[in-house]
Amino acid sequence: MERTKVAILGAGFIATIHAESYARFVPEAEVVAVFSHNGDKAKVFAQTHGIPAWYDNLDKLMAESGADVIDIGLPNYLHYEACMKAAAAGKHVIIEKPLALTLEEADEMIDACKKKGLLLCYAEELCFAPKYERVRALVEHGAVGKVYMLKQAEKHSGPHSAWFYKKETAGGGVMMDMGCHALAWFRWMNKNNPVKTVYADMKTVLHDTECDDNTITILEFENGVMAMAEDSWARHGGMDDHIEIYGTKGVSYADLFRGNAALTYSVDGYDYASEKAGTSKGWSFTVFEEAFNQGYPQELKHFIGCIREGKQPVVTGEDGRAVLEIIYAAYASAKKGAKVSLPFSAKVKYPIELLLS
């Protein structure tokens with residue numbers, strides 16, 4: 001079987017997860033190259049993961065790597081350029097959240113890929129996380145009756161890299177970084193029913209940044225379903241990610257990490273507990289299968305399968321754009337202190353400018 005050749009853009013946390021996922025769970029794919037603007041990082045990443053080629057020049061990678069797919073795990077502000085270059089080179093695209101910084105960029109990216117007959121796959125792993133997908137299957141089979149409310153929370157003490165805290169490179173704070181997961185999952189659970197209104201409250205409570213680090217966002221869908229997202233970079237003690245589904249005949253709760261961990265007590269601490277855990281001393285939840293549990297291998301295997309078979313992925317560039325539009329409305333709502341209706345658009349350089357202006 002000839003494998004689909006993938007080039008990973010980025011050499012940080014998310015790129016590591018993708019490289020591990022391909023190697024362990026997606027035999028149909030072969031990672032042939034990695035790119036980083038820092039050549040030393042690209043070289044070390046390639047050596048660590050057994051990747052045959054590394055690049056610090058994006059144009060050179062597009063021309064020489066032989067990749068069929070470009071997997072973009074770069075900082076937010078670099079998504080547009082990388083996607084447009086991949087489309088111009090005739091490469092399919094897998095892109096990490098958020099899709100882009102602006103709706104105009106998102107439209108151009110979608111259009112560029114469509115014109116070349118290329119797939120633009122939006123990597124929203126919560127739509128593939130096994131535990132959450134099990135809950136969705138229960139709901140689909142009527143286990144909780146008619147759904148009337150959805151909740152999702154993702155909280156930890158802050159991102160891995162400094163660029164997340166700068167509006168110029170991230171476009172916003174925790175809403176851009178983690179709120180996008182909730183918004184995509186709400187749409188997935190509600191079968192992409194249109195969002196009617198968005199209300200958000202945003203604060204900066206812990207970090208030295210002009211970006212938001214603690215947000216609450218409430219969506220009202222046109223079919224009457226309500227959804228609430230809680231997102232925070234101000235929560236100590238490691239990652240918290242959980243969902244709640246409320247229906248007329250039942251409820252369902254799931255925690256992405258706690259049921260996938262060993263409760264551990266250590267006087268001295270140990271090597272690694274879980275993502276964002278500040279310490280492993282005392283009581284901790286020791287995760288034993290991080291990548292698989294969060295849905296990364298499943299989404300990448302799905303995307304590679306769609307590319308190989310010419311099928312439409314379940315999460316597309318259009319879905320990424322829809323999430324970005326809701327993010328825009330959330331920032332505008334937090335500024336106004338009132339609901340904002342969709343559709344919504346505003347010509348700003350970064351979404352958070354709607355809150356800071």
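# A walk through the model, starting at Gly-50

Select Gly-50 to begin: just after H2, this glycine takes a positive phi of about 65°. Keep in mind as you click around that you are looking at a predicted model.

**Back along H2**

From Gly-50, step back and select residues 39–49, which make up helix H2. Colour Gly-39, Ala-42, Phe-45 and Ala-46, the buried residues of this helix. Why do they end up on the same side of H2? Because they cover an arc of only 125° around the axis. Now turn the helix over. On the face pointing away from the buried side you'll find Asp-40, Lys-41, Gln-47 and Thr-48, which are exposed.

What does the buried side pack against? Show helix H1 along with strands E2 (29–35) and E3 (53–55): the buried residues of H2 pack against these three elements.

Before leaving, zoom in on the N-terminal end of H2, where Asn-38 acts as the cap. A side-chain oxygen of Asn-38 sits 3.0 Å from the backbone nitrogen of Asp-40.

**Into the largest pocket**

H1 is already on screen, and it leads to the next stop: H1 (13–25) is one of the helices supplying at least two residues to the lining of the largest pocket. Add H8 (174–189), which does so too. Of the two, which should you follow for the bigger share? H8 gives the most to this lining, with three residues.

To find the middle of the pocket, select Phe-13, Ile-14, Gly-73, Trp-163 and Phe-164; of the 38 lining residues, these lie nearest the centre. The space inside comes to about 760 Å³. Try colouring the lining by residue class: you should get 15 nonpolar, 14 polar and nine charged residues.

**Past the end of H8**

Follow the chain out of H8 into the loop that runs to strand E8 (195–203), and stop at Lys-191. Its phi is near 55°, a positive value in a residue other than glycine. Is Lys-191 buried or exposed? With a relative accessible area of 62%, Lys-191 is exposed.

Asn-192 is in the loop between H8 and E8 as well. Here, too, a residue other than glycine has a positive phi, near 60°. Asn-192 has a relative accessible area of 37%, so it counts as partly exposed.

**Two cis prolines**

Next, centre on Pro-98, in the loop between strand E5 (92–96) and helix H5 (103–115). Look at the peptide bond joining Lys-97 to Pro-98: it is cis, with omega at about -20°.

For another cis bond, jump to Leu-342 and Pro-343, where omega is about 5°. Pro-343 belongs to the loop between E15 and H12.

**Phe-344 and its surroundings**

Stay in that loop, which connects strand E15 (340–341) with helix H12 (353–356), and pick Phe-344. Its relative accessible area is 18%, and the cut-off for buried is under 20%, so Phe-344 is buried. What surrounds it? Leaving out neighbours within four places in sequence, Phe-344 is in contact with Leu-103, Glu-325, Tyr-328, Ala-329, Ala-332 and Leu-354.

If you'd like to try the distance tool, go from the C-alpha of Phe-344 to that of Ala-200: the two are 14 Å apart in space and 144 residues apart in sequence.

**E11, E12 and the loop between**

For the last stop, find Thr-248 in the loop between strand E11 (240–247) and E12. Thr-248 has a relative accessible area of 56%, so it counts as exposed. Which residues does Thr-248 touch, not counting those up to four places away in sequence? Select Val-144, Gly-145, Lys-146 and Tyr-148 to see them. Take Gly-145 in particular: its C-alpha is 5.0 Å from that of Thr-248, although 103 residues separate the two in sequence.

Now move into strand E12 (residues 250–255) and select Ser-252. Ser-252 is buried, because its relative accessibility is 11%. Not counting residues up to four places away in sequence, Ser-252 touches Val-135, Val-144, Ile-243, Glu-244 and Ile-245. Val-144 deserves one more click before you close the session, as it touches Ser-252 and also Thr-248.

Methods. Residues are numbered from 1 along each chain as its sequence is written. This is a predicted model: local features need pLDDT of at least 70, side-chain atom pairs count only at pLDDT 80 or more; totals for chains, interfaces and linings use all residues. Side-chain values use heavy atoms; hydrogens and water are left out. On a 1 Å grid over the protein atoms alone, a cavity is a set of points where a 1.4 Å probe fits but cannot get out, and a pocket is an open set with protein on both sides within 12 Å along at least five of seven lines; lining residues have an atom within 4 Å of a point. Grid points are joined across faces, edges and corners, and a volume is the space filled by probe spheres set on the points. Helices (H or I, at least four residues) and strands (E, at least two) are DSSP runs, numbered from the N terminus. Ala, Val, Leu, Ile, Met, Phe, Trp, Tyr, Cys and Pro count as nonpolar, Asp, Glu, Lys and Arg as charged, and the others, Gly among them, as polar. Buried means under 20% relative accessible area, exposed over 50%, partly exposed in between (1.4 Å probe, protein chains only). The arc is that of the directions from the helix axis to the C-beta atoms. Contact means heavy atoms within 4.5 Å. A polar contact is a pair of N or O atoms within 3.5 Å; within protein, one must be able to donate a hydrogen and the other to accept it, and residues adjacent in sequence count only if both atoms are side-chain atoms.
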